[in-house]
Amino acid sequence: MPRHSKNNTASSVFTYHESHTLDYGTKRQRLGRDSFRNYDACFLCLQTARDPVCCGEGHLACRECMYENILQQKQAIKHEQKMIDLKNQESEQQKQLEEMEAKRVILDTFDKTQHSMLGGERRRPTIKDDLKDDTAAAAENEKKRKRSDVDADEIAKTAAQLRKEKEEAAKPKIGSFWVPSVTPAADASALKATKTQVICTAVDKTHPLSIKSLIDVKFQKEDGNDKNKNVCPACLKTLTNASKLSVLRNCGHVLCHHCIDMFVSKSKKCYVCEKKTKSKDIIDMSPEGTGFASASTKAVAEKFNLAFQ
C-alpha cells in the first residue's frame, strides 16, 4: 500500500483507501443463513408455502402464487402477441400502399411514354393517318393504364426506389446524430414474440411450466409439541435446509435422499403409500443451503462494480 494513502491524490494507481471508498472491483461476500430461503418456502412470496405445489424441476411454491404467476404470464404473452399482430398489420398496410404507389408510378410512366412525353421524337401526324387507328390505340393505352397485372418484380423494385428517395428526402440538412428523424426504425417484418410459453422463473435457467405438470407436495408433520416442523416419513428426521430432499411425482410425498436410495429406488414403490414409482418420477427438490460450504449450492456471492461511469 502506498505511503500516506489517505492524503496521496497524485498517484497513478488507486490506494487502499480510495478503492474502498469508490467500491471498486469485484466484491465477494460469504452468504449466511439469512441469504437463503427455507426448504418449505415459496420462491414467489418467500413465505412458508400454503397448499404447496412444485414444478417438474422441484421448485416449491404456494398453489395460489403459482396459479397467479401462470395467469400473469399468459396475459403478458397474449398482450405481446396482440401488439405484434397490430404491428404486422400496420406493416402489411404500409407495404400495400407502397405497392399501389409504385404501380401508379409505373402506369403513369407507361402512359407518358406512349404519348411521347418521355420518349423520343415521333413523326408529326398527317392527314393520311386513319382516325380509327388513333381511336383504337387510345383505347388500348387506356386499358393498359388501368390494368393491374403489372410485373411483381418491377413493382418491388420501384417501391424500393421510392422508399429510398423518401428516406433521403427525410434526412435533415444538418449532421446531428441526435435528431429524431435520423433514428433508424425497427424492421416490423422481423418482429417475433420474445416468450411464447409459460416458464418457471425460480432459477436462471428457465424451463416450461403448465398447470397440468404441477405436483401436489405432501410434507409429514412432526408428532410432537412443535407441529410446524416437517420430518421424513421413513427415518423421521427433522427436515432442514441442510437436508437433501426428493419428491415423488406420482404421489407427492417428500423423503430424504438416504431413504430414497434405501427404500424407493430398490422397491420401485413409495414408502408411504406404496404407489409404483419409477426412477424418472423421483425429482430432486433440495433447498438452497445453509451458508456452509458442505450444505450449500452457492456459499459465496460476487458482485462487480465500475469505478467510473
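In the predicted model examined here, cysteine 55 has a relative accessibility of 0% and therefore counts as buried. The cysteine sulfur closest to that of cysteine 55 belongs to cysteine 200 and lies 3.9 Å away, which is too far for a bond. A disulfide would require two cysteine sulfur atoms within 2.5 Å, and by this rule the count for the protein comes to 0. Cysteine 235 is likewise in no disulfide, since the nearest cysteine sulfur, in cysteine 259, is found at 3.6 Å, and a separation of that kind has to be judged against the limit of 2.5 Å. With regard to the surface, cysteine 235 has a relative accessibility of 29% and so counts as partly exposed, whereas cysteine 55, at 0%, counts as buried.

The protein as a whole contains 5 helices and 12 strands. Of its 309 residues, 27% are buried, and the protein exposes about 22,800 Å², of which carbon and sulfur atoms supply 52%. When contacts with a separation of 6 or more are considered, 57% of them are accounted for by residues 24 or more positions apart in the chain.

One open sheet is formed by 3 strands in the order E3-E2-E6, with antiparallel pairing. Strand E3 (60-62) and strand E6 (215-216) stand at its edges, and each has a single partner strand, so that one side of each is left without a neighbour in the sheet. Strand E2, which covers residues 52-54, runs antiparallel to E6 and is joined to E6 by 2 bridges; within this pairing, valine 53 stands opposite aspartate 216 of E6.

Another open sheet of 3 strands has the order E10-E9-E11, and here too the pairing is antiparallel. Its edge strands are strand E10 (254-256) and strand E11 (282-284), each of which pairs on one side only. On average, and with direction ignored, neighbouring strands of this sheet are turned by 35 degrees against each other. Strand E9 (residues 245-248) is joined to E10 by 3 bridges, the two strands running antiparallel. Leucine 245 has cysteine 256 as its bridge partner in E10, and valine 247 stands opposite valine 254 of that strand. The hairpin of E9 and E10 has 5 residues between the strands, and glycine 252 in this hairpin takes a positive phi near 85 degrees. The pairing of E9 with E11 is also antiparallel and extends over 3 bridges, with aspartate 284 in E11 serving as the bridge partner of serine 246.

Strand E9 is covered on both faces, with Leu245 and Val247 buried on one side and Ser246 and Leu248 buried on the other. Helix H5, made up of residues 257-267, lies across E9, E10 and E11 and runs at about 105 degrees to E10.

Beyond E11, glycine 289 lies in the loop that leads from E11 to strand E12 (300-305). Although placed in a loop, glycine 289 has a relative accessibility of 0% and therefore counts as buried. When residues up to four places away in sequence are not counted, glycine 289 touches Phe36, Asn241, Ala295 and Ser296. The C-alpha atoms of glycine 289 and serine 35 are 9.2 Å apart in space, while the two residues are separated by 254 residues in sequence.

The helical part of the model includes a stretch for which a record is available. An unreviewed UniProt entry lists residues 76-103 under "coiled-coil region". In the model, the chain over residues 76-103 is 100% helix and 0% strand, and the C-alpha atoms at the two ends of this stretch are 40 Å apart. Threonine 158, which is found in helix H4 (residues 152-170), touches Ala102, Val105 and Ile106 when residues up to four places away in sequence are left out of the count. With a relative accessible area of 14%, threonine 158 is buried, because a residue is called buried when its relative accessible area is under 20%.

Conventions
Residues are numbered from 1 along each chain as its sequence is written. This is a predicted model: local features need pLDDT of at least 70, side-chain atom pairs count only at pLDDT 80 or more; totals for chains, interfaces and linings use all residues. Side-chain values use heavy atoms; hydrogens and water are left out. Two strands pair if DSSP finds at least two bridges between them. Helices (H or I, at least four residues) and strands (E, at least two) are DSSP runs, numbered from the N terminus. Buried means under 20% relative accessible area, exposed over 50%, partly exposed in between (1.4 Å probe, protein chains only). Contact means heavy atoms within 4.5 Å. Accessible areas come from the Shrake-Rupley method with a 1.4 Å probe; for residues, only the protein chains shown count as cover. Axes are lines fitted to C-alpha atoms, for helices over the stretch in contact, and angles run from 0 to 180 degrees between N-to-C directions. UniProt positions are given in the numbering used here, feature names are shortened, and annotations may be inferred rather than shown by experiment.
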